[in-house]
Amino acid sequence: MRAEYSSPTAMPKLLVVDDQPLFIQTMHEIFRDQYEIFMARNGEQALAQAGRLCPDLILLDLNMPDISGMEVCQRLKQNPALADIPVLFVTAEEDFESESLALEAGGADYITKPVNPAVVRARVRTHLTLKAQADQLRALAYLDGLTGVANRRYFDQHLDAEWARSQRHHMPLSLILLDIDFFKTYNDHLGHIAGDQCLKAVAGALQALPKRGHDFVARYGGEEFVVLLADCDLPCALRKAAALQEAVAQLAIQHPASTVSELVTISLGVASTVAGAAHTAGELLDAADRQLYAAKQAGRNRISPAADHAGTAGSTPP
Ligand SMILES: [Mg+2]
């Protein structure tokens, strides 16, 4: 599952993989007006290019001297970040067995050489359309419709993956759960349209903060957001929490009914693992939730950190 979806206006990226330069040249002639063309001359290059470019479609030669097209395809399908890219096999093999094996390996289509330009064009166009539609469905399924940040479903998957990754690499993982203070009264006073605008603005501010590679922002529910910070210990997470609090303050959205500020503010619960601690992702989430509750109880518009996700009582900064 990828976080980025291709923009419909960008020129689709095509990766052409073949050990014969002449074939790549032919594909280039056929497609250069419509697509951005990239090339690889062997399986190793193909995998490297795919990882770097995340192309929209791959035309893959079945027979190559190093890694076969079949194996390249299998490896692509095993990588969650690349598995959704349609692979069209192109080959001189015309037997049914090669064709069925290629399709079983995850190929979306099978085209025989010598290729007919009109046919290869039509098939590529069809698979790009299907890919764009699938990307849109994935975006609908994984992004929050109002704010455009990741939704709860995406977060749940992402948390499991990041948890496993942090355990594997013995890295700390931190989580910030935050919530807009007195959001219900904000809605009651200004109406739901203003409430929605406030949610969008806060989501935008959270998303706009400088990110390190694996920082992840999601709408957790209602007026609650979650920020997952990979390879980030508690001091690192507290710096991030302070920056989030400041970013929301900088929005300077008037709140007519808050008892802690004239502006919209947030409360933040922060939890962090100790590298290698053998607990669960659920415990980390629970610890952040308890700290969010503590921040609310302590008066809102503040950060409450837990030193360890096992649940030591949080202290509230002055
Ligand atoms: Mg070949």
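Here is a short tour of this predicted model, stop by stop.

Before you click, note that residues are numbered from 1 along each chain as its sequence is written, and that side-chain values use heavy atoms, with hydrogens and water left out. Because the model is predicted, local features need pLDDT of at least 70 and side-chain atom pairs count only at pLDDT 80 or more, while totals for chains, interfaces and linings use all residues.

**Whole chain**

Start zoomed out, with a cartoon of the protein. Its C-alpha trace spans about 75 × 45 × 25 Å along the principal axes. You should find 10 helices and 10 strands, taken as DSSP runs (helices are H or I, at least four residues; strands are E, at least two) and numbered from the N terminus. Of the 318 residues, 47% count as buried; buried means under 20% relative accessible area, exposed over 50%, and partly exposed in between, with a 1.4 Å probe and protein chains only. Taking contacts (heavy atoms within 4.5 Å) between residues at least 6 apart in sequence, 65% join residues at least 24 apart.

**The magnesium ion**

Next, select the magnesium ion. Its donors are Asp19 (OD), Asp61 (OD) and Asn63 (O), at 2.1 to 2.2 Å. Donors here are N, O and S atoms within 2.8 Å of the metal (3.2 Å for Na, K and Ca), and water is not among the atoms, so sites may look incomplete. Along the chain, the donors follow the spacing D-x41-D-x1-N. Switch on a surface and click Asp61, which is buried at 4% relative accessibility; Asn63 is partly exposed, at 40%.

**The cysteines**

Now show the cysteine side chains. A disulfide is a pair of cysteine sulfur atoms within 2.5 Å, and the count comes to 1. Pick Cys232 and Cys236: their sulfur atoms sit 2.1 Å apart. The torsion about this S-S bond is about -110 degrees, so the disulfide is left-handed. Cys232 is buried, with a relative accessible area of 1%, and Cys236 is buried too, at 15%.

Then jump to Cys54. Its closest cysteine sulfur is in Cys73, 15 Å away and too far for a bond. Cys54 counts as buried at 18%, and Cys73 is buried at 0%.

**Last stop: helix α4**

Finish by selecting residues 96-104, which make up helix α4 and include Glu104. Glu104 counts as exposed, at 67% relative accessibility. Draw a distance from its C-alpha atom to that of Gln25: the two residues are 79 apart along the chain, and the separation is 28 Å.
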